[in-house]
Amino acid sequence: GWIGGVLLLTLSPHIGVLLLSFAKVWSFAPLPDAYTLAHYATVFQDSSGMIKNTLLYCGLAALLDVVLGVTIAYLILRTRLPARQWLDWITTASLAVPGIVLAIGYLRLFKGMTLPAWIAGPDVLLTGTWVMIMLAYAVRRLPYALRSCVAALQQVHVSLEEAAESLGATKLRTIQRVVVPLMAGGILAGFVTSFITAAVELSATILLVSADSQAPMSYGIYLYMQSVAG
């Protein structure tokens, strides 16, 4: 009962948003005066492109995060490279940078840079494409994937890799056939965590979206909440 009370208090804003999504009229009463499904009909009729964009951006960002996460985790825990811990610190530092600041950094760094003509045609600015949004999501959520991959690799004893190598497997084959399969649970957890948290990223999205056709769901929610009806 105590845990239920804490959860109720914690989830009360979400419950309020859920009620608002069904509310037709909600003025000064504790609960809505009337309910409707018209809001959901509007979302699925007008915002299917935003849903597809979210799946694309967040899926690619989470995939990039787990690839980088596995690589960095392996370098930290399985090699003796000098200053390898700096990889962990630099990756985690992205959490300390606000999304708006990160987006401004991207816009400054890639200002005037164009994509190759064979990819997007002539004179297409990189800052005007969805690639920038995906990269911002990947950088912002990489620490979550890295933590999951590090935790998963810490549970894989190094003797398993040594056994594979003693039987003639190369280092790359050992990673492919032994390390990565045993890390699958952590990799999946990192992917899901990065995907979900990237889907609600708004601060960087507002600055990097240059056209409504590029907008993900977080940007769409922001636009809908600016309407008179909310």
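**Helix packing around α3 and two buried cysteines**

At 0% relative accessibility, C149 counts as buried, a word used here for residues under 20% relative accessible area, while exposed stands for over 50% and partly exposed for what lies in between, with a 1.4 Å probe and protein chains only. The model is a predicted one, in which local features need pLDDT of at least 70 and side-chain atom pairs count only at pLDDT 80 or more, although totals for chains, interfaces and linings use all residues. Residues are numbered from 1 along each chain as its sequence is written, and side-chain values use heavy atoms, with hydrogens and water left out.

A second cysteine, C58, is also buried, with a relative accessible area of 1%. The sulfur of C58 lies 18 Å from the closest cysteine sulfur, that of C149, which is too far for a bond, given that a disulfide is a pair of cysteine sulfur atoms within 2.5 Å. C149, in turn, is in no disulfide, and its nearest cysteine sulfur is that of C58. The structure as a whole holds zero disulfides.

The helices come next, and they are DSSP runs numbered from the N terminus (H or I, at least four residues, whereas strands are E, at least two). Two packed helices are described by the angle between their axes and the distance between the axes. Here the axes are lines fitted to C-alpha atoms, for helices over the stretch in contact, and the angles run from 0 to 180 degrees between N-to-C directions.

Helix α3, residues 48-78, packs against helix α10, residues 184-199, at an angle of about 140°, with the two axes 8 Å apart. That angle makes α3 oblique to α10, since angles under 35 degrees count as roughly parallel, over 145 as roughly antiparallel, 65 to 115 as roughly perpendicular and the rest as oblique. The crossing of α3 with α10 is right-handed, meaning that the near helix is turned clockwise from the far one by less than a right angle, while an anticlockwise turn would be left-handed. On the α3 side the contact (heavy atoms within 4.5 Å) includes T54, C58, D65 and V70, and on the α10 side it includes I187, G190, F191 and A199. By class, this contact of α3 with α10 has 11 nonpolar, four polar and one charged residues, where Ala, Val, Leu, Ile, Met, Phe, Trp, Tyr, Cys and Pro count as nonpolar, Asp, Glu, Lys and Arg as charged, and the others, Gly among them, as polar.

Helix α3 also packs with helix α7, residues 130-154, at an angle of about 40° and with the axes 6 Å apart. This angle again makes the pair oblique, and the crossing of α3 and α7 is right-handed. The residues of the contact of α3 with α7 divide into 25 nonpolar, two polar and three charged.

Within helix α7 sits S148, which is buried, with a relative accessible area of 18%. Leaving aside residues up to four places away in sequence, S148 touches G186, A189 and G190.

R84 belongs to the loop between α3 and α4 and is partly exposed, at 26% relative accessibility. With residues up to four places away in sequence not counted, R84 touches L75, I76 and T79. R84 and H39 are 45 residues apart in sequence and 51 Å apart in space, C-alpha to C-alpha.

P13, finally, is found in helix α1, residues 2-22, and is partly exposed, with a relative accessible area of 48%. From C-alpha to C-alpha, P13 and V150 are 33 Å apart in space, with their positions 137 residues apart in sequence.
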